[in-house]
Amino acid sequence: MEKYELIDGKVDWRGRTARKDKHGGIRASIFILGIFGFENMATIVLGVTLVTYLNGVMNVNLADAANHVTNFAGATYILTIVAAVLADTYIGRFRAVLISAWIEFLGLGLLAMQAHYAKLKPPPCNPLDKAEKCEEVAGRNAAILFVALYTVAMGSAGVKAAVPSHGADQFDEKDRKEGSEMSSFFNWLLLGVCVGGAVSLTLFVWLIQHKGWDWGFAASTVAMFFGGIFFTLGLPFYRVYVIQGSSAITQIIQVFVAAIHNRKLQLPEDSGELYEISKDKEAVTICAEFLPHTDKYRFLDKAAIQTSWDEEPNPWRVCRVTQVENAKILLNLVPVFLCTVIMTLCLAQLQTFSIQQGSTMDLNITKSFQILPSSLPFLPILFLIFLIPLYDRLFVPSMRRLTGIPTGITPLHRVAVGLLLSSLSMAAAAILELKRKQVARERNMLDAIPILQPLPISVFWLSIQYFIFGIADMFTYVGLLEFFYSQAPKELKSVSSCFLWSSMSLGYFTSSVLVKVVNGATKGMTESGGWLGGNNVNRNHLELFYALLSGLSFVNFFVYLFVSKRYKYRQQIGDDDDDSMMSDNEDESK
């Protein structure tokens with residue numbers, strides 16, 4: 001009789017226990033990487049062209065257009081929390097991805113329809129011509145625009161929330177080989193983003209420039225359609241995580257409620273007296289998890305003080321030690337989470353103001369070929385397409401031999417490198433903006449119309465800041481995905497990825513606030529009404545804004561070093577004593 005290994009807590013698409021030889025692994029992950037690539041192919045073009053679309057087609061003021069884009073991106077990431085809770089608790093991760101993909105498809109289709117029909121847009125005008133009064137999009141057309149955008153945000157949030165965890169579900173963390181493959185999966189996830197982004201920033205941007213906005217948005221719609229189909233084709237190969245039917249988020253909330261209720265009780269000297277279900281009960285508890293007690297955040301331990309000896313105590317009054325430790329783990333992630341917000345604040349500027357910079361510069365690559373300003377982010381993406389395989393296949397194995405860590409370096413080390421590079425990227429952006437404006441002043445072109453009179457300075461100068469930030473992306477965001485997934489309780493794997501997306505969301509929202517605060521604080525210093533006011537980027541002071549961001553990022557880097565040095569990595573019962581995450585101890589990679 002043929003023997004095969006079954007996987008506890010995972011089933012196939014028919015509800016049967018998943019088999020290691022038949023389900024999951026690299027083969028299944030390819031379909032998951034595919035939809036992530038198609039989804040980014042569909043949406044990255046929005047990130048780099050939406051400001052131009054709102055400003056040039058919908059006649060929205062440049063600063064307001066930039067804020068609309070960052071609010072849209074912020075909403076996308078904050079909605080990942082809702083999507084993740086639904087995925088982990090009610091509908092499952094596979095269904096969450098599938099449903100979200102088709103929601104996003106509908107939103108993109110609506111956006112393409114509005115771009116196609118003239119009656120759904122305001123009359124065209126030149127926003128740089130002060131004598132011409134532009135009619136900003138309003139009423140029904142504004143409603144269509146924002147319904148389309150936020151439908152895309154809802155769908156994109158579901159895909160982003162569930163894809164990383166569903167992909168990681170295809171690997172067994174306890175198996176050393178599959179654990180290493182799971183780490184590679186997170187690297188290839190970024191590669192999928194880059195491949196999709198490369199198509200989006202070249203072909204789709206070209207379609208927008210030469211065929212029209214409706215063609216570009218229609219291409220995004222088609223990409224999302226193929227993504228949904230490709231993901232569905234992998235159904236026979238997936239390991240599907242079995243949802244427990246109870247909300248892990250609720251269990252975390254119960255810990256805080258019980259701790260507050262028991263706040264006046266005295267903690268026992270022996271932590272062994274705190275409540276925990278019997279290990280004998282594990283046989284009848286599906287995939288029961290046990291975590292050792294730790295001394296951090298002792299006030300939460302009061303949630304595990306037994307006040308009654310009922311066999312099934314009230315969960316809002318008494319919680320398991322493991323339940324309390326899970327709450328401590330999430331609380332412990334918060335400082336790391338907060339230190340990564342400012343990096344997305346920097347990213348938001350590269351997706352908005354840097355595109356406007358590029359539109360004023362010489363776009364010629366050769367005498368017969370021009371690069372579009374919206375395609376500038378293609379340069380670091382192209383670089384990453386070659387760098388990621390080298391990182392995964394050469395750097396990681398080399399570092400693994402030196403450190404003994406399966407992932408080469410710890411995820412928190414990766415994040416540290418990325419945060420430092422983001423500061424350098426903003427410093428480079430400030431220097432290059434000074435150079436660009438110097439050319440404009442020397443040629444008396446501060447008020448030149450970019451389309452008619454581009455500055456005699458190559459747009460490739462901007463590639464420096466994009467290259468540096470692209471490498472920062474590879475280190476920080478992949479490191480955070482891997483870090484949060486490895487640290488989160490197993491019932492909260494989708495929610496764990498939301499730490500990254502929520503960090504990005506706060507970064508985008510903070511960007512909108514910071515732009516308004518900076519404009520308000522510098523209103524009397526410029527004729528345009530602030531460093532970033534008005535539509536003429538040549539009259540603004542982007543160099544000062546970039547320098548401010550570089551300084552803030554540098555300070556944030558040192559705060560992060562302090563936080564990460566104090567971080568204690570999650571351990572299971574039976575593991576060795578925990579050490580600081582920033583040390584090179586092999587135990588940290590478990």
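The exercises below concern salt bridges, a buried threonine and a surface patch in a predicted model.

**Exercise 1.** Which residues are linked with Glu 325 in a network of salt bridges, and where do Glu 325 and Lys 328 lie?

Solution.
1. The network links Arg 298, Asp 301, Glu 325 and Lys 328.
2. Within this network, the side chains of Glu 325 and Lys 328 form a salt bridge at 3.1 Å, N to O.
3. Both residues lie in helix α8 (residues 321-339), and because they are three residues apart, about one helical turn separates them.
4. Buried means under 20% relative accessible area. Glu 325 is buried at 4%, and Lys 328 is buried at 4%.

**Exercise 2.** Which parts does the salt bridge between Glu 543 and Lys 437 tie together?

Solution.
1. The side chains of Glu 543 and Lys 437 meet at 3.4 Å, N to O.
2. Glu 543 belongs to helix α15 (residues 542-566) and Lys 437 to helix α12 (residues 411-442), so the pair ties together parts 106 residues apart in sequence.
3. Glu 543 is buried, with a relative accessible area of 9%; Lys 437 is buried at 6%.

**Exercise 3.** Is Thr 49 buried or exposed, and what does its side chain reach?

Solution.
1. Thr 49 lies in helix α1 (residues 25-56).
2. Its relative accessible area is 1%, so Thr 49 is buried.
3. The Thr 49 side chain reaches the backbone oxygen of Val 45 at 2.6 Å.

**Exercise 4.** Which residues form a nonpolar surface patch with Val 222?

Solution.
1. Val 222 is in helix α6 (residues 213-233) and is partly exposed, at 44% relative accessible area.
2. Phe 225, Phe 226, Ile 229 and Leu 233 complete the patch, which has about 450 Å² of accessible area together.

Terms used:
Residues numbered from 1 in each chain as written. Predicted model: local features only at pLDDT ≥ 70, side-chain atom pairs only at ≥ 80, totals over all residues. Heavy atoms only, no water. Patch = residues over 30% accessible without salt bridge, like charges linked within 9 Å, V, L, I, M, F, W, Y side chains within 5 Å. Areas by Shrake-Rupley, 256 points an atom, 1.4 Å probe, with all protein chains shown as cover. Salt bridge = Lys/Arg side-chain N within 4 Å of Asp/Glu carboxyl O. Helix = DSSP H or I, 4+ residues; strand = E, 2+ residues; numbered from the N terminus. Buried < 20%, exposed > 50% of the residue type's maximum accessible area, 1.4 Å probe, protein only. Polar contact = N/O pair within 3.5 Å; in protein donor to acceptor, adjacent residues only side chain to side chain.
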